[in-house]
Amino acid sequence: MTGKASSPDTVRNALRSWIGVEVLTPGTVEAGGWNGYAQAIGGQIRNRATEAQTGQSLWDTPEDDDIAPWFGEVQTEITEAEDPIASPDGQAVLPNEGDATPARKRQLKSRPWYKIVLAAMPTAGAIKLLDGVFGDEVDEDTVDRKMRGNVLAATLILDEFGILVPDSMALASFAWGIGKLCADGATADLSAWESEESPLLHEVTARLSPTDAEGRPRPLSWQDLRDVSRKLRTELGVPEDLWIVTPCAIRTIKKNPPSGDILATFYLRDLMAIERDLPGVPAATRAYLGLDRPDESWDALSDRRQLSHLLQPALFPLARWRGPGLHSLTLLQQGAVNAAVRDLSEKGLFAVNGPPGRGKTTLLRDVVAHVLTSRAERLAEIEKPWNGLGDIDLMDYAIVVASNNNAAVENISLELPLREKALDPSIWKEGRLTHFSHTASHVLGLSQDEAEARKAWGVMAAKLGNSNNRYEFHQRFWFDKDWGLSEWLDRVWSPNQSRFEGKEPSRLCKVDPPPTREQARAEWRKARSEFRIALEKCRRLRSELIETARAQDRLRLLESGKPALQEKIRDAIHEREDAERALVVDEEQYKVVEAASQAEIGTLSALKSARPGFLARLFGSDKWQAYQRSIEARVSTVDRTRNAAAEAARDRDTTRHLVKMLAARYDELEHQLRNLDTEIEDLSAKVSMDESKLEDCYPKPGFWEQSEEVLQKTAPWNGGEFRAVRDALFVAAVRLHRAFVIAGVKHIKPALNKVMSASRGDPPTARDWGAFFLLVPVVSTTFASLGRMFPTLKGASVGWFLLDEGGQACPQYALGAIWRARRAIVIGDPLQIPPVATLGKETTRQIFENCGSQVTEWGAPGQSAQTLADRVSAIQGQFPALDGRVFRFSCIGAVMTPCSPSPIASPMANG
């Protein structure tokens with residue numbers, strides 16, 4: 001469905017509505033008590049200074065005059081390591097690790113840190129107040145909110161000396177929002193959170209940073225902390241019965257301070273950033289928000305002419321993923337891939353509909369293969385990666401799979417690396433394709449003794465997202481002493497190989513010995529050459545098929561035009577014969593008229609010879625007068641017959657010319673027919689020869705006239721030799737990546753170290769992440785984890801975002817991912833489970849109305865990430881349901897017929 005583009009004001013109002021919803025959505029709710037919360041973050045409740053390691057005295061809520069636990073710490077001098085990066089052996093790797101100088105390590109000592117819950121709010125009471133302000137009667141089964149436990153209202157981190165850790169103070173937007181509602185009622189401006197948060201944090205942080213007489217920071221006491229908490233409640237305007245003053249301190253032992261909390265929903269900061277940037281947001285975001293819409297749309301289920309154009313060889317990506325069985329994509333799956341690759345060549349948004357289990361992962365694998373091969377083309381331009389990575393924007397080829405829940409993103413991140421799930425045996429078994437497979441198996445928790453088919457073939461995807469997932473991946477993929485890649489890559493390139501003397505190689509190094517530099521460079525040259533050969537072969541064959549398609553179109557045009565030419569020839573024959581007959585008549589007529597004219601001329605001559613004598617003429621006798629009358633009459637008759645003869649001659653000559661012209665036209669038409677037959681014969685021979693290259697995937701005459709059921713199961717053009725060379729190019733691209741990483745490891749590994757140690761130092765830059773995606777092409781995450789995983793990546797910073805299960809995500813949840821994307825593909829099924837709202841229906845409606853927006857157009861559960869993407873798609877479709885309704889969907893792709901009875905009577909084929 002396309003239509004008028006949304007105005008910037010309309011979009012801004014929608015964004016402010018979403019901000020209001022997120023402000024009033026509790027960011028952190030702890031239902032398991034403070035002990036449960038402490039265990040969840042790896043700490044222990046420690047509310048007082050005591051030598052006891054457990055017991056009620058540690059857990060009871062502190063009072064103003066209690067001695068804080070940090071006053072009981074044994075103070076030890078901590079030896080600092082400059083900008084340390086943790087390594088698997090528990091040491092700190094200095095930033096210059098990997099330079100030409102020997103690596104230096106220092107042991108980092110663990111130390112106590114205290115997370116202070118400065119304030120909390122009882123969840124049930126706060127939600128009850130919220131519902132009361134908006135007059136909402138909420139059916140808890142229809143919303144996604146928890147009523148037990150407490151909402152964290154404010155937290156901070158103290159070091160072992162009781163000093164505030166910089167930038168660790170966090171304030172809950174929910175607490176601020178409740179105060180706003182108490183002050184201003186249902187019409188409160190909740191979008192003001194952005195402008196008020198920073199001053200509040202600054203003021204509270206200042207109170208939490210007291211100094212002694214000499215200006216040095218002094219330790220905070222419970223009195224200090226609880227006074228700040230009480231003052232904060234007053235400033236926010238939260239009722240006293242909804243404010244729990246500083247309930248606990250949680251002690252953890254770490255080398256580095258814990259990260260400060262984000263006590264708002266994970267989507268809020270992105271929404272505020274996008275609202276600030278309007279209307280100058282990236283292309284994918286503009287499309288998603290309706291600021292840009294296509295001029296017109298077409299129906300993929302009825303417009304076969306448009307669909308046939310979408311499936312021309314010129315639009316096929318050069319490579320495809322070689323999945324189990326080597327099956328081709330179905331008609332609409334391939335159409336979706338071709339359209340996505342075409343429409344997202346540089347930027348934009350693309351939507352695909354498809355219910356669970358109907359081939360979305362299969363479709364996405366071909367997108368991954370396309371991106372991988374496109375990057376390989378750029379990598380192949382670099383002759384010597386050991387001298388540098390060139391000016392390639394590696395983030396343009398980064399692929400992030402994101403969804404509203406972990407289960408959805410795990411599908412692709414767990415399937416892509418597995419042999420039996422992702423590749424045909426001819427690839428991993430006979431072809432021995434591998435991309436650091438031993439490490440990949442370890443990352444997935446698979447034993448190296450697992451059955452061959454059940455092992456991983458390559459580190460093609462990483463399940464990241466929340467901190468636990470990231471930590472587990474980093475440990476298994478990088479730091480693991482047996483199968484981690486860090487040591488393996490070090491042994492390839494380290495300028496100081498002597499540091500490995502006497503050190504037992506890891507198990508990975510034993511089963512897959514790292515190549516020497518010379519071997520790595522030789523392998524790069526080989527992989528580069530094989531890829532370029534495969535690329536050229538694929539391009540050549542695709543070009544041939546493009547010509548075949550053109551020849552097929554030309555042949556179809558010529559064959560359809562031949563009857564008309566033959567009809568013209570028949571008409572020319574009839575016209576020529578008619579003219580020849582007319583010429584015979586004209587020539588006979590001329591002869592008759594000419595003979596009559598000659599006879600009249602002879603009669604006139606004879607009459608002139610019988611002229612009366614001189615005297616008769618002199619005296620004008622009757623005889624002379626009669627003679628004169630006779631001569632005059634005869635002269636008139638001669639003139640008349642002469643004119644008739646001249647006219648007959650002209651008619652004869654005209655008809656003669658017409659006969660010649662019609663004969664020439666007939667000859668020309670016969671010449672055209674001979675040339676047409678020759679071209680048809682030549683094109684038929686070419687098409688017939690190329691048909692054999694595609695086996696059963698050649699779209700023969702009548703292909704697009706097949707029934708819907710038959711047509712949807714076809715795969716035009718994608719078969720035979722063309723499919724084989726696309727498969728071979730994919731394999732060559734994977735091998736090129738592995739060879740590039742190894743040959744250029746000197747320039748890649750420092751960036752990988754940054755990504756692997758992100759939680760212990762400065763966050764990775766876009767260039768660091770680009771190097772990581774070079775090694776691991778696909779990363780999966782939930783929408784909620786994006787901001788913390790990619791803190792330095794902002795608008796249009798990631799090449800590709802693939803958003804799965806878009807039909808289950810609230811519209812605002814996907815916006816942070818789409819904002820970071822240069823190209824975004826939203827995949828889902830709006831006919832399945834709708835998104836679950838976090839607030840009551842009436843509350844949500846009033847928030848939208850107060851912002852000048854309509855919840856029916858922009859809010860859950862009526863709208864989802866999928867519906868917003870669908871309504872700006874140029875490729876649409878609609879089909880009837882058994883109950884008489886008509887369903888519309890965007891694009892094509894993975895929309896398939898349900899396997900079991902369903903009210904949806906979709907005409908699509910099963911995947």
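A residue is called buried here when its relative accessible area is under 20%. In this predicted model, Trp478 comes in at 1%, so it falls well inside that cut-off and counts as buried. Its sequence neighbour Phe477 sits at 0% relative accessibility, so Phe477 is buried too.

Phe477 is a handy way into the protein interior. The largest nonpolar core takes in 246 residues, and Phe477 is among those with the most contacts inside it, along with Met121, Phe730 and Phe772. Helix 20, spanning residues 517-609, is the biggest contributor to this core and supplies 16 residues. Set apart from it is another core, this one of 6 residues, including Leu604, Leu607, Trp624 and Ile631. Leaving aside residues up to four places away in sequence, Phe477 touches Thr439, Val443, Val459, Gly484 and Leu485, and also Met756, Phe772, Leu775 and Val776.

Aromatic side chains turn up again and again around this spot. The model has 22 aromatic pairs in total. One of them joins Phe477 and Trp478, which are stacked with 6.0 Å between centres and 25 degrees between the planes. Another brings together Phe772 and Phe773, again at 6.0 Å centre to centre, but here the planes are 75 degrees apart and the arrangement is edge-to-face. Both partners are shielded: Phe772 has 0% relative accessibility and counts as buried, while Phe773 is buried with 1%. These two pairs belong to one aromatic cluster, made up of Phe473, Phe477, Trp478, Trp769, Phe772, Phe773 and Phe790.

Rings also sit beneath charged side chains in places. Arg652 lies over the face of Tyr590, 4.5 Å from the ring centre. In a second case, Arg871 is placed over the face of Trp858, with 4.8 Å to the ring centre.

Turning to the strands, 6 of them make up an open sheet with parallel pairing, in the order 11-16-15-12-14-13. At the edges stand strand 11 (348-353) and strand 13 (461-463); each has a single partner strand, so one side of each lacks a neighbour in the sheet. From one strand to the next, the twist averages 20 degrees. Within the sheet, strand 15 (residues 798-803) and strand 16 (residues 821-828) run parallel and are joined by 5 bridges. Leu802 stands opposite Ile825 of strand 16. In general, the strands of a sheet pair through hydrogen bonds of the backbone, in parallel or antiparallel fashion.

Definitions and conventions. Residues are numbered from 1 along each chain as its sequence is written. This is a predicted model: local features need pLDDT of at least 70, side-chain atom pairs count only at pLDDT 80 or more; totals for chains, interfaces and linings use all residues. Side-chain values use heavy atoms; hydrogens and water are left out. A nonpolar core is a set of buried Ala, Val, Leu, Ile, Met, Phe, Trp, Tyr and Cys residues joined through side-chain atoms within 4.5 Å. Buried means under 20% relative accessible area, exposed over 50%, partly exposed in between (1.4 Å probe, protein chains only). Helices (H or I, at least four residues) and strands (E, at least two) are DSSP runs, numbered from the N terminus. Contact means heavy atoms within 4.5 Å. Rings of Phe, Tyr and Trp (its six-membered ring) pair if their centres lie within 6.5 Å; planes under 30 degrees apart count as stacked, over 60 as edge-to-face and the rest as tilted. A charge sits over a ring if NZ of Lys or CZ of Arg is within 6 Å of the ring centre and within 35 degrees of the ring normal. Two strands pair if DSSP finds at least two bridges between them. Axes are lines fitted to C-alpha atoms, for helices over the stretch in contact, and angles run from 0 to 180 degrees between N-to-C directions.
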